[in-house]
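Student: Hey, can you walk me through this protein? I'd like to get a feel for the charged pairs.

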Amino acid sequence: MTMLLSEISGKDARDDSLENSRSRREQGEGNGDASDWRAEVQVHLPALGVIDIIFRTRRDAALQVEIKPAEESARDSIQVGLSSFRERLSSLGIEVNLALGSRA
């Protein structure tokens, strides 16, 4: 497994400009606010092969998860289980936007 975690810069965030984000940090404001983050995880699974998973968080929004399998057969298998996975997360009170993408 490989993981990369990074804070999304102010210029890439939807709600704030880079200047406003810097200004708030310099003034110490928003310490209790959630930050915008991106995490990329690559896993190698025996049955499904290589899968890239991208997690994004945005202020006042649900967690976004994009699943990108390398193999088309893995994509088909994941597609079959995606709706039940969504339902299980929802029943636990976890608000997640799940998307199935394809690797470039």
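Tutor: Sure, let's go through the salt bridges and then one helix residue.
Tutor: Quick note: this is a predicted model, where local features need pLDDT of at least 70 and side-chain atom pairs count only at pLDDT 80 or more, while totals for chains, interfaces and linings use all residues. Residues are numbered from 1 along each chain as its sequence is written, and side-chain values use heavy atoms, leaving out hydrogens and water.

Student: How many salt bridges are there in the whole structure?
Tutor: A search finds three. A salt bridge here is a side-chain nitrogen of Lys or Arg within 4 Å of a carboxyl oxygen of Asp or Glu.

Student: Which side chain does arginine 58 meet in a salt bridge?
Tutor: That's aspartate 36, at 3.9 Å from N to O. Arginine 58 sits in the loop between β3 (49–57) and β4 (63–69) and aspartate 36 in the loop between α1 (18–27) and β2 (37–45), so the pair ties together parts 22 residues apart in sequence. Helices (H or I, at least four residues) and strands (E, at least two) are DSSP runs, numbered from the N terminus.

Student: Are arginine 58 and aspartate 36 buried or exposed?
Tutor: Both are buried. Buried means under 20% relative accessible area, exposed over 50%, and partly exposed in between (1.4 Å probe, protein chains only).

Student: New topic: where is serine 77 found?
Tutor: In helix α2, residues 72–91. Serine 77 is partly exposed, at 45% relative accessibility.
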